[in-house]
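This report goes through selected helices, strands and loop residues of one protein model. Please keep the sequence and the structure in view while reading.

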Amino acid sequence: MEELPQSQLPQDDKTISLSGMYQDYFLDYASYVILERAVPAIEDGLKPVQRRILHSMYELEDGRYNKVANVIGNTMKYHPHGDASIGDAMVQMGQKDLLIDTQGNWGNIYTGDGAAASRYIEARLTPLALDIVFNSKTTEWQMSYDGRNREPITQPVKFPLLLAQGVEGIAVGLACKIMPHNFNELIDASIDALKGKKTDIYPDFPTAGMIDVSKYNQGLRGGKLRVRARISIIDAKTLMITEIPFATTTSSLIDSIVAAADKGKIKIRKVEDNTAEQVEILVHLPAGISPDQTLDALYAFTDCEISISPNSCVIVNQKPAFLPIAEILAISANNTRDLLYKELEIRKSELLESILFTSLEKIFIEKRIYRNIETCETWEEIIQTIDAGLKPYKKKLYREITRNDIEKLTEIKIKRISKFDAFKADELLKNLQTELDNVEHNMENIVPYAIEYYKNLKKKYGKGRERKTEIRSFEAIEATQVVIRNEKLYVDYENGFAGYGLKNAEFVSECADIDDIIVFKDDGTMMVSRIADKSYIGKGILHIAVWKKEDERTIYHLVYRDGPQGATYIKRFAVTSIIRDKDYDLTKGTKGSKVLYFSVNPNGESETLTIYLKPRPKLKKQVFDYDLAVLAIKGRNSQGNVLSKFPIRKIISKLKGESTLGGLKFWFDSYVRRLNIDEKGKYLGEFANQDRLLIITQTGMYRLVKPDLSLHFDNDVLTIEKFNKKKLITTVYFDGEKKEYIIKRFVPETLDKNMLFITDHIQSKVLLVSTDTYPMLNITAKTKKGIEKDVMNIAEQVPVINEKSKGKKLPYTEIKSLNWMDPLPEPTLLHDEEEAEYDDDSTVIREIDIDLNDGQSTLFD
């Protein structure tokens, strides 16, 4: 369509040009949403709606609760976006338990239940809010959207409120996501910032849980937080979730668990939600399912572990800016310092004015200047007379006397003049001057003053605000290692197909739909491929199995002939890493090569082969044995050693040997509280198949289990070590039922399950535990004679009893301290005596200290 020239367009006052309208209006709208709705200001850490809510509550503040509906109505004078947005924002602020003191049903951050209607719930400002947010003297003001009321541009917040509350907002083409942080840690970090020290602070969530901050990246884009629920193993069939990840609810968490079970990723019997004031979700397992493996699977396939991507965006000078958390904290600390200085300046000015007027009043009355005005006939004459009477004293005052000052003197009542007390006036001036000196001193030392301000905040409000979220390093969970094997792998050797959807094929093993399979063929090739419903892998299959990545324990034995007439080679190798769907040649690559013998050894076992050569003239030895234990384990690409240059008729396995890899060595990493084979943490020892790990907890449980990388260890674990059948466990515990101290020595006998070795009472707990052969116990107790100290030789004074027996009562009712002394040395054995073997590789995870007041034990890291 041809565009008409401007001269031919209808000339109407209502005609509006569309040129550029969309671009201009869209930019205006985007800017408005960013600045006025979604992103907080760096000065006070508040969005506009939050700022207006707090200002409105301060207007209504009288120490009593106000209906939230009333607050919403009052806030609408300032906020043009309706009652719903104000109510939602106020509920979110109330749930943070920082600035708003709530009353009524404000919802539940654990279950996700919403708050009651605004007419049913009440709120008022907390003492903390009144201390850190408001000061009309230092507040900058602007007119509200309709020009009828005055509202703050930003609140004079003297605290890193933005980092304490956290914030999340979505604008046009921009998002903001700042995590909440711990109140006390923010104060300590602010003090460090004022001192010029660098400090790292990490999020702390009201839902508690655990957090991995290794990729936090100071809260900037590209960073990532991994947050986990806290899950405990109650028994072999029950897991309990007591803390949930931030940004989840018990309902969403349970839904994700049920969804994972429906997909076959985990196997559970039922999920029971007992959440009330605290989170309690019970996950019941069917018989035969490992709780440790299920725990890892919950982290791998459900919302028990989530990733959060922070995006630290704030408004700085009316523009969005992406700042690291440390910089936001430093800006807040400096802003607090400047606000405190401004408050001191204002107070100094007030004190100077008070001193000035008190001095003028004293002079006016003491020097009887008021009598001089009795003969004055006009107002101007009165002013001039008073001014003349004050003239000798003006040099002592800090500023010039104004007409307004003189007019104030004329307003002094006769009653006050008649009762004027010069001594009290001098005392008042002295107190004002003392306060002024103090203010000026603080202004000259503003940084120490600001630090003291922060310390007072922590002292006043820090109690009960300890860190809830535990900072830990999470180990990577390999999904294929923890997924439930809910499928069956089948293979059709004749046609070369494999998968979990085949019918009338040979069963191989249990598998999962995310597993990889490894295939060896008779032409000496190998391939790893993702498992499928049905896939063609080729004919001539020798071996097929589920493949485990980085598996260094499974060793393959291969004997192959190089080409049609070549020599025979033998090799041992592991397959730890591959490229999927790539054919790997395990021979020298000569055409016509053929596999003569192949075996799989899950724990690196050796074997002895009997080799039968084809008969030929002058060949004296046609049968011989070959022990593969002498053959080194190499990579899959090695060609192997020459087994024979003569043709081989057949090979049979004569004898299976021991593992040439030896026992598996385990370490315990106390930071992530997991076992590992990567030499991280404390070395526990080398474990063969029959060896067990001894785990002792403060609740009085011990477990003898096979070491496994999937094992989990709670915070109450006292000791982890390799179990030695010749060692005894010596423990001192508190009997919660009878309020007695018991000492006990026993040999652990129960394998593979939790065994209680103290009395079954909620207050019973282990105080000390040792696996030394000859332990020595130092006791300090309060008796009728006073403080008494005792040293016990346990081996001589305490008999060895059954693990289910109670033990020997200590003859003290109030013990001040308990601690192990250096154990007695082992006795020297004679030549013909059997030498006992002891493994001293033990890890003490927690120490015990006895509270001197009540004799109860207290754990500390």
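## Basis and a covered strand

A residue is called buried when its relative accessible area is under 20%, exposed when it is over 50%, and partly exposed in between (1.4 Å probe, protein chains only). Helices (H or I, at least four residues) and strands (E, at least two) are DSSP runs, numbered from the N terminus. By the burial cut-off, strand 39 is mostly covered, with six of its six residues buried.

The model is predicted: local features need pLDDT of at least 70 and side-chain atom pairs count only at pLDDT 80 or more, while totals for chains, interfaces and linings use all residues. Residues are numbered from 1 along each chain as its sequence is written, and side-chain values use heavy atoms, with hydrogens and water left out.

## Strand 39 and lysine 706

Two strands are taken to pair if DSSP finds at least two bridges between them. Strand 37 (residues 693-697) pairs with strand 39 in the antiparallel sense, over five bridges. One of the residue pairs is leucine 694 with its bridge partner in strand 39, glutamate 721.

Lysine 706 lies in the loop between strand 38 (701-705) and strand 39 (717-722). Its relative accessibility is 46%, so lysine 706 counts as partly exposed. Contact means heavy atoms within 4.5 Å. With neighbours within four places in sequence set aside, lysine 706 is in contact with Asn689, Asp691, Arg692, Leu711 and Asp752. Glutamate 796 is 90 residues from lysine 706 along the chain, and the C-alpha atoms of the two are separated by 33 Å.

## A four-stranded sheet and a hairpin

Strands of a sheet pair through backbone hydrogen bonds, either parallel or antiparallel. In this model, one open sheet of four strands has the order 24-21-22-27, and its pairing is antiparallel. Strand 24 (541-547) and strand 27 (584-585) stand at the edges with a single partner strand each, so one side of each has no neighbour in the sheet. Strand 27 pairs with strand 22 (residues 525-530) over two bridges in the antiparallel sense. Here methionine 526 has tyrosine 584 of strand 27 as its bridge partner.

Further along the chain numbering, strand 44 (residues 776-783) and strand 45 (residues 786-793) run antiparallel and are joined by eight bridges. The connection between strand 44 and strand 45 is a hairpin through two residues. Asparagine 778 stands opposite valine 791 in strand 45.

## Helix 4 and its two partners

Two packed helices are described by the angle between their axes and the distance between the axes. Axes are lines fitted to C-alpha atoms, for helices over the stretch in contact, and angles run from 0 to 180 degrees between N-to-C directions. Angles under 35 degrees count as roughly parallel, over 145 as roughly antiparallel, 65 to 115 as roughly perpendicular and the rest as oblique. For residue classes, Ala, Val, Leu, Ile, Met, Phe, Trp, Tyr, Cys and Pro count as nonpolar, Asp, Glu, Lys and Arg as charged, and the others, Gly among them, as polar.

The axes of helix 3 (residues 68-75) and helix 4 (residues 82-95) cross at roughly 125° and come within 10 Å. That angle makes helix 3 oblique to helix 4. Val68, Val71, Ile72 and Thr75 of helix 3 meet Asp83, Ile86, Gly87 and Met90 of helix 4 in the contact. Five of the residues in this contact of helix 3 with helix 4 are nonpolar, two polar and one charged.

Helix 2 (residues 48-60) and helix 4 also have axes that come within 10 Å, crossing at roughly 80°. Helix 2 and helix 4 are therefore roughly perpendicular to each other. On helix 2 the contact uses Val49, Gln50, Ile53, Leu54 and Met57, and on helix 4 Ser85, Ile86, Ala89, Met90 and Met93. The residues of the contact of helix 2 with helix 4 comprise eight nonpolar, two polar and no charged.

## Positive phi in two loops

Alanine 247 has a phi near 75°, a positive value in a residue other than glycine. Alanine 247 sits in the loop between strand 11 (238-243) and helix 8 (250-262), and is exposed, with a relative accessible area of 65%.

Asparagine 317, also not a glycine, has a positive phi of about 55°. The loop that holds asparagine 317 runs between strand 15 (313-316) and strand 16 (319-322). Asparagine 317 counts as exposed at 65% relative accessibility.
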